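Subject: Structure handover, with notes on what was found

Dear colleague,

Please find below the structure I promised to pass on to you. My notes follow it, and I would be grateful if you read them with the coordinates open.

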Amino acid sequence: MIAFAHPVSAPSRMAESLTGRPYLSWSAISTFMKCPLKYQFHYLDQLPEEFVSANLIFGSAIHSALEAYFGEHLASRRSLDVDDLLAVYHSTWSQADLAAVQFGKSDDLVSLDALAKRMLQAFMDSDLACPTGAIIGIEEELRSPLIADCPDLLARLDLLVESDESLIVTDFKTARSRWSAGDVHAAEGQLIVYHELVRQFADKPIRLQFAVITKTKQPEVEIHTVAADPLRIERIRQLIQRVWAGIQTGNFFPVPNSMNCPTCGYRSRCASWTG
Ligand code: SF4
């Protein structure tokens with residue numbers, strides 16, 4: 001992890017006393033924005049989830065396979081093949097407690113295996129598998145106090161590549177279908193935070209991009225760039241300040257939503273919540 005040398009701030013100490021972590025990650029910020037009650041159950045109460053969504057393990061397994069691919073590339077410039085990547089994918093699944101996994105209506109291990117193979121092949125066939133530049137970071141953690149009166153922010157960069165012109169920050173996503181401009185807009189805060197953290201050591205322009213692999217019959221690999229302009233940066237700063245203020249006030253409440261609730265591991269607990 002690159003933790004820039006700063007004294008631990010009072011907000012970071014407060015975050016640690018609340019959550020056991022002296023920082024805020026984008027994942028925590030995004031969980032709070034989607035459902036404050038889920039944030040409370042997960043980050044403050046640290047309650048175990050009733051089940052784990054197969055989608056979550058699937059995304060994490062694909063992610064691990066890509067990490068292994070670039071790790072091997074960095075270490076030996078050797079390219080792993082699809083079977084190697086599938087072995088990493090299976091290794092992630094082998095650590096899951098299958099009895100606690102909730103599969104989608106039309107999914108099971110076999111269908112997800114076949115989908116993973118198609119997605120990893122699509123990745124291997126795409127430009128994403130041949131980055132133009134030198135890989136300088138894989139799963140690199142950066143942490144720094146970026147915003148006044150807020151805890152340190154933490155980033156985990158999936159892939160950091162340096163070309164002659166720029167530093168390229170890539171975050172991998174798996175998605176049910178191709179991303180719309182609205183999907184990119186909804187997710188861009190994560191990359192803006194990464195931009196602000198990378199900017200502290202960057203000596204060239206930073207390019208931000210999501211690499212989205214679709215979970216479709218014929219998976220596609222799409223690159224979506226995000227511009228870190230001053231307006232977006234300020235908007236995200238303001239948003240994080242308000243999220244942190246919300247966490248401190250302890251005003252946690254459920255936000256039922258057909259997108260998030262079906263895969264939420266706190267559904268029973270949420271159903272009996274009365275405030
Ligand atoms: S079930 Fe829905 S409303 Fe309840 S905690 Fe989970 S995400 Fe929030």
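How many helices and how many strands are there in the protein? There are 9 helices and 9 strands, where helices (H or I, at least four residues) and strands (E, at least two) are DSSP runs numbered from the N terminus.

Two remarks on conventions come before the rest. Residues are numbered from 1 along each chain as its sequence is written. Please bear in mind that this is a predicted model, in which local features need pLDDT of at least 70 and side-chain atom pairs count only at pLDDT 80 or more, while totals for chains, interfaces and linings use all residues.

Overall form

The radius of gyration of the protein, taken over C-alpha atoms, is 19 Å, close to the 19 Å that the globule rule (2.2 Å times the number of residues to the power 0.38) gives for 275 residues, so the protein is as compact as a globular protein of that length. The C-alpha trace spans about 50 × 50 × 30 Å along its principal axes. Of the 275 residues, 30% count as buried, a residue being buried if 20 or more other C-beta atoms lie within 10 Å of its own, exposed if 12 or fewer, and partly exposed in between, with C-beta atoms placed from the backbone. Two residues are in contact if their C-beta atoms, placed in that way, lie within 7 Å; among contacts between residues at least 6 apart in sequence, 73% join residues at least 24 apart.

The ligand and helix α3

The residues around the ligand, meaning those whose C-beta atom, placed from the backbone, lies within 6 Å of it, are C35, L37, K38, P254, V255, P256, N260, C261, C264, Y266, R267 and C270. Two elements, α3 (36-44) and α9 (267-271), give two or more residues to this shell. By class, the shell divides into 9 nonpolar, 1 polar and 2 charged residues, with Ala, Val, Leu, Ile, Met, Phe, Trp, Tyr, Cys and Pro counted as nonpolar, Asp, Glu, Lys and Arg as charged, and the others, Gly among them, as polar.

Within α3, the residues K38, Y39, Q40, F41, H42 and Y43 are buried, and the buried residues of this helix pack against α1 (10-19), α2 (26-34) and α9. After α3 comes Q46, whose phi is positive, near 50°; Q46 lies in the loop between α3 and β3 (52-53), and counts as exposed because it has 9 C-beta neighbours inside 10 Å. A positive phi near 50° is also found at E139, which belongs to strand β5 (residues 134-144) and is partly exposed, with 15 other C-beta atoms within 10 Å. As background, most residues other than glycine have a negative phi.

The nonpolar core

The largest nonpolar core, a set of buried Ala, Val, Leu, Ile, Met, Phe, Trp, Tyr and Cys residues joined through C-beta atoms within 7 Å, has 59 residues, of which L24, I62, A65, V169 and Y194 touch the most other members. Helix α4 (residues 54-76) gives the most to this core, with 8 residues. Leaving aside neighbours within four places in sequence, L24 is in contact with A15, I29, C150, P151, L153, L154 and W244.

V198, in helix α7 (residues 181-198), counts as buried with 22 C-beta neighbours inside 10 Å. Not counting residues up to four places away in sequence, V198 touches L142, L167, V169 and I206.

Helix α4 also holds G59, which is partly exposed, with 18 other C-beta atoms within 10 Å. G59 and T174 are 115 residues apart in sequence, and their C-alpha atoms are 6.2 Å apart in space.

The hairpin

Strands β8 (residues 206-214) and β9 (residues 221-226) pair in the antiparallel sense over 6 bridges, where pairing requires that DSSP finds at least two bridges between the strands. The two strands form a hairpin with 6 residues between them, and the bridge partner of L208 in β9 is V226.

With best wishes
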